[in-house]
Amino acid sequence: MRSYKDYYIKMADLSCMFAHPLRVRIIEELLAHGGNKECVQDFTKIFGKRQANISQHLSILRRSGIIDYRQLGKTRCYYIRNPLYVKRVIGNLKRIMEAGL
């Protein structure tokens, strides 16, 4: 049985995925491709950020369990593990923003 502490730690960890604008942009970019694979190099071109910066944010998203990757040679290509769930979360956040909360 999970303790309350474990429950709130997991909730906080999941909330962290939306705590930085670049992570939200990464999530939306993956969703725009149906949750399918995007590689680090793709993100550096799309967002104009350094690979180290993109990799740091991808690592946080991966630890939260929202994304994972497939290794293709030396390249890691990322995907959303459950696109439907993530779309719902993003949609709810947008509705909250539109309501002015």
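Start by selecting Cys-77: at 3% relative accessibility, this residue counts as buried, because the cut-off for buried is under 20%. Keep in mind as you go that the model is predicted.

**Stop 1: the disulfide**

Now add Cys-39 to the selection and show both side chains. A disulfide joins Cys-39 to Cys-77, with an S to S distance of 1.9 Å. The structure holds 1 disulfide, so there is no second one to hunt for. Cys-39 sits in strand S1 (residues 38–39) and Cys-77 in strand S3, so the bond ties together parts that are 38 residues apart in sequence. If you check the torsion about the S-S bond, expect about 60°, which means the disulfide is right-handed. Cys-39 is buried too, with a relative accessible area of 14%.

**Stop 2: the strands around Cys-77**

Switch to a cartoon view and colour S1, S2 and S3. S1 and S3 pair in the antiparallel sense, over 2 bridges. Across that pairing, Cys-39 stands opposite Cys-77 in S3. Next, select strand S2 (residues 67–72): S2 and S3 run antiparallel and are joined by 6 bridges. Which residue of S3 is the bridge partner of Arg-70? Click on it and you are back at Cys-77.

Then follow S2 into the hairpin with S3, where 2 residues lie between the strands. Pick Gly-73 there and look up its backbone torsions: phi is positive, near 65°.

**Stop 3: the largest nonpolar core**

Hide the strands' labels and select Ile-26, Ile-27, Leu-58 and Ile-67. Of the 19 residues in the largest nonpolar core, these four touch the most other members. To see where the core comes from, colour helix H2 (21–32), helix H3 (40–47), helix H4 (51–64), strand S3 (75–80) and helix H5 (83–98); each supplies at least two of its residues. Which of these elements gives the most to the core? That is H2, with 5 residues.

Centre on Leu-58 and show its contacts. Leaving aside residues up to four places away in sequence, Leu-58 touches Ile-26, Val-40, Phe-43, Ile-67 and Tyr-78.

**Stop 4: His-57**

Finish on His-57, in helix H4. Is this histidine buried or exposed? His-57 is buried, with a relative accessible area of 5%. Display its surroundings, again skipping residues up to four places away in sequence, and you will find His-20, Leu-22, Arg-23 and Ile-26 in contact with His-57. Ile-26 is also on the contact list of Leu-58, which makes it a good residue to leave highlighted.

Key:
Residues are numbered from 1 along each chain as its sequence is written. This is a predicted model: local features need pLDDT of at least 70, side-chain atom pairs count only at pLDDT 80 or more; totals for chains, interfaces and linings use all residues. Side-chain values use heavy atoms; hydrogens and water are left out. A nonpolar core is a set of buried Ala, Val, Leu, Ile, Met, Phe, Trp, Tyr and Cys residues joined through side-chain atoms within 4.5 Å. Buried means under 20% relative accessible area, exposed over 50%, partly exposed in between (1.4 Å probe, protein chains only). Helices (H or I, at least four residues) and strands (E, at least two) are DSSP runs, numbered from the N terminus. Contact means heavy atoms within 4.5 Å. A disulfide is a pair of cysteine sulfur atoms within 2.5 Å. Two strands pair if DSSP finds at least two bridges between them.
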